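Student: I have a model open and want to learn how to read its strands, loops and surface. Can we go through some features one by one?

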Amino acid sequence: MLSAFSALSACRRGAARLAAATLVSGLVAAGAVATAGTAVADETPQSPGGATATLGDLKTYGSAVIHDHGEDSWVSAGLFEMSVDDGGTLQTYCIDLHNPTQRDARYQETSWSGTSLSGNKDAGRIRWILRNSYPQVNDLTALAEKAGVGGLTEQDAAAGTQVAIWRYSDGADVDAADPKAEKLADYLQRNARNLPEPDASLTLTPAAVSGHPGERLGPVTVHTDADGVTVAPPADTAASGVKVVDGHGKPVTSAADGSRLFFDIPKDSPDGSASLTVQASTSVPVGRAFASDSRSQTQILAGSSESTVSATATVDWAAKGAIPALTAEKNCADGGVDITAVNKGDEAFTFELMGVEHTIAAGAAQTMTVPLQEDQAYDFTISGPSGFAKRFKGVLDCRTQGGASDITTQTVGEPSPASIGGSGSGGSDLAETGGSGATPVIAGVAIALVLVGGAAVLFVRRKQTPEQGPAQD
């Protein structure tokens with residue numbers, strides 16, 4: 001009976017995957033690189049910008065049954081709600097069915113390439129489902145007519161939509177418990193067509209630039225679907241004299257899609273760094289992915305209120321020597337994290353990454369892919385001259401795994417190093433995020449080599465140096 005059904009979060013992973021994650025990420029992240037002495041490393045985000053939000057409850061849902069190897073698992077299926085930092089609300093469905101969902105987990109808007117949608121030939125069909133079902137289509141009578149059912153409640157519509165998504169996101173053999181919701185799921189699955197990935201709500205590219213004082217460094221280009229964005233200059237502008245300007249050197253306080261921003265660094269500035277932040281109020285495009293570095297299960301956007309989105313870019317400058325700019329991005333296609341290093345100085349930039357020394361010639365750029373195992377946490381710092389240090393941390397969560405037998409009543413969180421845990425709560429039965437203060441375990445290169453299969457192989461790609469040339473419109 002459905003009344004006896006104990007609603008599980010439909011985003012769980014079983015004991016086998018938990019044990020594997022413990023062996024890998026519980027012992028080691030990626031290898032630590034050379035530190036910068038007493039310098040404090042700036043933590044460099046791997047998302048270029050967009051909405052940041054906190055996961056709430058499963059708000060509107062019904063029931064579903066997952067079939068696997070002769071076993072049936074009952075789960076709840078429907079819409080989650082997220083609260084956006086600085087204002088706004090998101091509605092999301094979940095993907096990567098067998099991953100746990102953790103209450104109050106922090107999520108960041110991200111591209112499909114950094115999630116389990118990477119390489120999924122049906123990812124575009126999921127976007128079609130989102131655009132053609134609830135809550136984007138809130139006329140439930142019209143939706144029911146298209147699906148060939150007599151009527152739909154919000155719970156039926158949410159459950160049916162989630163079931164159709166799981167069939168494409170996870171290849172799951174799953175049915176909605178309610179016959180009307182099941183008919184809707186069948187209709188959506190049958191009619192789904194591939195659509196392109198939506199653009200980000202707000203990004204800055206590149207997210208890091210470098211150069212000499214006395215120059216306008218950049219450009220950093222704004223990409224947004226908002227009508228306009230506000231531009232916040234470096235916090236210590238009065239002391240440093242650093243300004244954010246356009247191609248003509250005019251100070252900028254607002255920008256639009258395609259705007260090119262520059263850091264104007266006074267000629268007599270001592271070696272240093274700064275950042276700019278752009279912010280906008282907009283609706284996040286339907287189909288954008290949201291990922292968490294606490295291993296909470298990946299979400300995909302179904303609806304957005306007017307929400308606050310932001311993006312940050314950094315600049316480093318020096319009078320002479322190597323002047324690096326570093327960025328990082330998860331690369332699920334190659335199973336790792338891409339570290340891009342650009343050297344705008346007049347000397348080579350040499351650093352170590354997982355025990356391998358790299359040299360970026362003056363005026364050159366390289367992208368190195370750090371290979372990681374699925375669910376592996378990483379935390380490493382790259383250091384350079386004059387106390388330069390950038391820290392990159394996160395968790396690689398790229399693949400859907402498991403079957404119905406992996407979905408259990410366990411509500412424990414993931415193992416160390418993230419130290420996420422807690423007990424189940426009422427209602428949507430989500431696992432809670434624990435309050436541990438433990439930090440990620442950073443192991444030496446020798447252990448890292450063992451865990452990644454005996455050798456740390458970095459895939460290096462030479463790229464043309466990103467444009468940071470003379471200022472122009």
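Tutor: Start with a hairpin. This is a predicted model. The hairpin of E2 and E3 has two residues between the strands. In that hairpin, His 69 takes a positive phi near 50°.

Student: How many bridges join E2 to E3, and in which sense do the strands run?

Tutor: Strands count as paired from at least two bridges upward. Here E2 and E3 (residues 71-84) are joined by 13 bridges and run antiparallel. For one facing pair, look at Ser 63, which stands opposite Ser 76 in E3.

Student: Which residues make up E6, and how many bridges join E2 to E6?

Tutor: E6 covers residues 106-110, and three bridges join E2 (residues 52-68) to E6. The two run antiparallel. Thr 52 has Gln 108 in E6 as its bridge partner.

Student: In which sense does E2 pair with E7?

Tutor: In the antiparallel sense, over three bridges. E7 spans residues 174-176. There, Val 174 is the bridge partner of Ile 66.

Student: Now a whole sheet. In what order do the five strands of the open sheet lie?

Tutor: Read across the sheet, not along the chain. The order is E9-E18-E15-E11-E13, and the pairing is mixed. The edges are E9 (208-211) and E13 (254-255), each of which pairs on one side only.

Student: How many bridges join E15 to E18?

Tutor: There are 11, between residues 272-282 of E15 and residues 307-317 of E18. These two strands run antiparallel. Ser 275 has Thr 314 in E18 as its bridge partner.

Student: Next, loops. Where is Gly 249 found?

Tutor: Gly 249 sits in the loop between E12 (243-245) and E13. Now add a distance. The C-alpha atoms of Gly 249 and Phe 263 are separated by 9.2 Å, with the residues 14 apart along the chain.

Student: Why does Gly 249 count as partly exposed?

Tutor: Because its relative accessibility is 24%, and the partly exposed class runs between the 20% and 50% limits.

Student: Which residues gather in the patch of negative charge on the surface?

Tutor: Asp 199, Asp 225, Asp 227, Asp 257 and Glu 306. Take Asp 199 as the example. Asp 199 lies in the loop between H5 (179-191) and E8 (202-205).

Student: Is Asp 199 buried or exposed?

Tutor: Asp 199 is exposed, because its relative accessible area is 63%, and exposed means over 50%.

How values were computed
Residues numbered from 1 in each chain as written. Predicted model: local features only at pLDDT ≥ 70, side-chain atom pairs only at ≥ 80, totals over all residues. Heavy atoms only, no water. Patch = residues over 30% accessible without salt bridge, like charges linked within 9 Å, V, L, I, M, F, W, Y side chains within 5 Å. Areas by Shrake-Rupley, 256 points an atom, 1.4 Å probe, with all protein chains shown as cover. Salt bridge = Lys/Arg side-chain N within 4 Å of Asp/Glu carboxyl O. Lys, Arg positive; Asp, Glu negative; His and termini not counted. Charge placed at Lys NZ, Arg CZ, Asp CG, Glu CD. Helix = DSSP H or I, 4+ residues; strand = E, 2+ residues; numbered from the N terminus. Buried < 20%, exposed > 50% of the residue type's maximum accessible area, 1.4 Å probe, protein only.
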